[in-house]
Every structure is written in C-alpha cells, then in structure tokens.
Amino acid sequence: MTQFFQTELRLRSLPAGYHLITDEIENAIPEIRAIQTGYLQVFIKHTSAALTINENADPTVRKDFRTFVDELIPENYPKFIHTYEGPDDMPAHIKASFFDSQLQIPITNGVLNMGIWQGIYLCEFRTHASSRQLVLTAFGELSS
Amino acid sequence: MTQFFQTELRLRSLPAGYHLITDEIENAIPEIRAIQTGYLQVFIKHTSAALTINENADPTVRKDFRTFVDELIPENYPKFIHTYEGPDDMPAHIKASFFDSQLQIPITNGVLNMGIWQGIYLCEFRTHASSRQLVLTAFGELSS
Amino acid sequence: MTQFFQTELRLRSLPAGYHLITDEIENAIPEIRAIQTGYLQVFIKHTSAALTINENADPTVRKDFRTFVDELIPENYPKFIHTYEGPDDMPAHIKASFFDSQLQIPITNGVLNMGIWQGIYLCEFRTHASSRQLVLTAFGELSS
C-alpha cells in the first residue's frame with residue numbers, strides 16, 4: 001500500500017549563508033517513519049534562496065561555500081541590469097539556479113537514506129530575507 | 001487512487017537565452033488538474049540546453065542570466081578540445097550541467113505548487129538550436 | 001498496478017574525472033524493464049562526488065569538463081579555511097553542489113527515456129577517492 005504525505009514548512013528567517021536544516025525537515029514530516037520504500041521531496045518556493053545536500057559536520061565548509069560563491073557571482077558585476085531590488089538580488093537569482101530548487105531523497109526503512117556526512121542546506125542568498133517556505137512531499141510504500 | 005500521466009512536448013525552436021515555458025508545460029499536460037497530491041516531472045532530452053526554475057516577472061533577470069553565464073563559461077576558453085561542433089558547443093554542455101536536466105514540482109489541489117514569482121525556464125545554450133523535446137510525467141493521488 | 005524497486009550499488013573506485021555509468025546503473029536495477037510508465041531515481045551518498053546527465057559519445061567532452069571546472073573552482077583558492085582533508089576537498093564539496101546529488105529519469109515502456117546523446121556521469125572530484133555508493137529507486141506502473 002502506497003501513500004502520499006504533504007505539508008508546508010515555514011523556516012525562521014535566516015541570515016545570508018548556508019544553514020543545515022535536516023532536523024527541521026525531518027521533524028516537520030514525521031510520517032516518513034511509516035514509509036518502508038519511497039522518497040521525500042523538498043521544494044523551495046523562492047528564487048533567491050535554494051537547497052542543496054552537502055557536508056553536515058564542519059561549519060567551515062559552509063563558510064567556505066559563502067566566501068567562494070560570493071566571489072564567483074559578485075554583487076558588483078557591472079553588467080547586471082536587474083538591480084532595483086538591491087545589489088544582492090540578481091546574484092541571488094543566479095546562485096539559486098546553480099544550486100537546487102528541489103531535492104529528492106530516498107527513504108529506506110523509515111529513514112532518509114543519505115550518507116552519514118550528508119545534510120540538507122538552506123542556501124540563503126539575500127542579505128535581508130524574510131522567512132522561506134518549503135513544500136515537503138513524501139511518498140512510498142508503507143511498512144506492513 | 002493514484003495515477004501516472006506521461007506525454008512528450010516538442011517546443012518551438014528558441015534563440016539562445018532563457019525562456020519562460022510554464023504555460024506551454026501546463027497546457028501540454030492538463031491532467032495535473034485531476035491530481036490532489038503529487039508532482040510533475042519535467043525532463044529535457046538534450047545535453048546543450050537545460051531547465052531551471054527562476055524569476056517569472058522581469059525579463060531583465062533572464063537577460064542578466066545570459067550576460068553573466070556567457071562570460072563565466074566563455075566560448076573562447078582556450079583549453080577546450082571538443083570544438084568541432086562549433087565554439088558554442090562545449091560551453092553549452094557545461095552550462096547544461098550547472099543548470100538542470102530535470103525538475104520535480106509538487107502538485108497540490110490540481111495546480112503546480114510553486115511560489116508566485118517562480119516560473120520554468122528553458123535555457124537554450126546553442127546559437128542555432130533545433131527544437132527541444134521534453135518528457136512530462138505527472139503522478140499523484142486523484143481528487144475524489 | 002504500481003511497484004517500487006530499490007537497491008544500492010557500490011561503484012568501483014574511479015580516478016578524479018567524469019565517468020559514464022549508464023550501463024552499470026541499468027544492469028544493477030534490471031526491474032526497470034517491467035515498468036511501463038515511471039522513473040528511476042539515482043542518489044549518491046557522498047558530498048565530494050556528484051551525478052549529472054551529459055554527452056555520452058565523445059570522451060573529449062568529459063576531459064573538457066575536468067579542465068574547465070578545475071580551473072573555475074581551483075584547489076589553490078587562497079581563502080578556503082576547510083583544508084585539513086587536503087587541497088582537493090573543499091573544491092570537491094563546491095563542485096558537488098554545482099552538479100547533482102540525485103537524478104530522476106523518466107521510464108517509458110521499460111527503458112530510460114533519455115535522449116540518444118545522454119548518459120549518466122559519475123563526477124569524481126577527489127584525487128584519491130574510495131568507491132562510491134548509490135541508491136537506485138525505480139517506481140512505476142507495471143506493464144500488463
């Protein structure tokens with residue numbers, strides 16, 4: 001027997017940077033524990049923030065992400081036309097497309113089947129962002 | 001009761017750049033209106049064009065994408081070996097992998113559950129591309 | 001009638017670079033042949049290697065990927081803090097997020113419905129990596 005579970009999660013406002021949100025996601029959709037085989041989809045309803053899966057242990061990884069990506073896609077790029085929402089807006093859109101707007105994670109025996117060093121990042125690219133809204137959709141075969 | 005709907009969509013030929021195709025996709029698979037909870041998958045069958053979700057309102061966003069990404073991954077990069085299909089070919093392959101070959105969008109109550117500023121982009125990276133073929137697969141629990 | 005098939009695949013150790021693994025994936029989950037309409041999900045359980053779909057014919061494409069991406073996200077970037085696992089570690093994390101940690105490929109009539117020039121790449125970003133573990137999840141409506 002298969003079943004869908006779907007909910008929306010509003011995160012607290014986060015500063016620009018890369019933030020681990022694995023626990024918040026798992027807590028928001030505890031029904032994944034009932035799924036034997038399936039997956040969880042995480043979707044972000046915004047175009048200036050994004051999701052990705054990366055290293056979950058050392059905070060310097062997330063700092064280095066910020067330093068490098070902010071230099072690769074800089075606010076002061078002189079040819080941007082779309083600047084009226086601020087210098088951080090257009091870089092945020094480009095970063096959002098280089099990272100992910102959705103993740104699909106396998107579920108096996110009631111847990112997210114990720115590697116032990118993997119965590120889910122919320123990548124916040126705006127300097128003064130409001131809170132971000134996610135859609136969580138789990139689907140799978142229920143444990144009997 | 002769950003159901004699959006799958007179809008292929010051939011887009012018209014588009015010039016190099018970033019193009020909003022949300023309406024064309026929704027029109028090609030109207031069965032999403034019958035789905036209460038599920039998702040739509042959009043898959044592109046090419047390696048020199050891509051998909052992404054980004055800002056759907058201001059065309060300058062899509063212009064800035066082109067300016068910036070063309071400069072980041074330039075045609076005149078001197079170390080490319082794979083050049084016999086033209087100078088735009090190898091940059092197109094790299095851009096295609098930095099963007100997405102597939103999108104998965106949640107469906108809630110018969111509509112794509114995206115943010116109000118989100119739209120689906122076809123990212124055309126070749127200068128003289130032929131038309132592009134998409135596979136659209138919707139799956140979900142039907143409204144009762 | 002719908003069904004899930006899920007298995008894990010440990011790849012052989014691969015050198016840094018971009019490697020075609022379409023055949024290995026198809027061989028590891030032959031049940032896709034029983035699926036009329038559905039999809040295969042490929043998930044990598046690591047944060048310093050990644051997946052992508054790109055050109056499957058000319059090996060110079062994969063060489064050019066390596067040359068270009070290694071120069072775009074260089075080992076000698078002077079501001080990286082997370083360096084104690086070696087100079088190739090932090091660039092590997094960033095590359096992993098620019099590429100994909102998971103792919104979702106439509107299945108139609110028992111085969112992966114990709115374009116004829118598309119193949120699945122394992123992108124190995126570490127110089128001396130151990131073998132990599134994938135989770136393969138196929139789901140769909142069975143052929144009657």
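The following questions and answers concern the contact between chains A and C in a predicted model.

Me: Which element gives the most to the side of chain A that touches chain C?
Reply: The contact takes 29 residues from chain A and 24 residues from chain C. On the side of chain A, the elements that give two or more residues are β3 (35-44), β4 (49-55), α2 (59-72) and β5 (102-108). With seven residues, the element that gives the most is α2(A).

Me: What relation links chain A to chain C?
Reply: Chain A is superposed on chain C by a rotation of 120° with 0.0 Å of shift along the axis, at an RMSD of 0.0 Å. This is therefore the relation of a three-fold axis.

Me: Which residue of chain A comes closest to the rotation axis?
Reply: The distance is taken at the C-alpha, and the value is 3.2 Å. The residue of chain A that comes closest is Phe98(A).

Me: Why do the copies meet through different surfaces?
Reply: The reason lies in how few interface positions recur in both chains. Of the interface residues of chain A, the share that are also interface residues in chain C is only 10%.

Me: Within what arc do the buried residues of α2(A) fall?
Reply: The buried residues of α2(A) are Val61(A), Arg62(A), Asp64(A), Phe65(A) and Val69(A). Seen down the axis, they line one face of the helix, because they fall within an arc of 160°.

Me: Which element of chain C do the buried residues of α2(A) pack against?
Reply: The face of α2(A) turned away from the buried side carries the exposed residues Pro59(A) and Glu71(A). Within chain A, the buried residues pack against β2 (17-20), β4 and α3 (89-98). In chain C, their partner is α3 (89-98).

How values were computed. Residues are numbered from 1 along each chain as its sequence is written. Chains are lettered from A and ligands numbered from 1 in the order in which they are written. This is a predicted model: local features need pLDDT of at least 70, side-chain atom pairs count only at pLDDT 80 or more; totals for chains, interfaces and linings use all residues. Two residues are in contact if their C-beta atoms, placed from the backbone, lie within 7 Å. Helices (H or I, at least four residues) and strands (E, at least two) are DSSP runs, numbered from the N terminus. Copies are superposed by least squares on the C-alpha atoms of residues with pLDDT of at least 70 in both. A residue is buried if 20 or more other C-beta atoms lie within 10 Å of its own, exposed if 12 or fewer, and partly exposed in between; C-beta atoms are placed from the backbone. The arc is that of the directions from the helix axis to the C-beta atoms.
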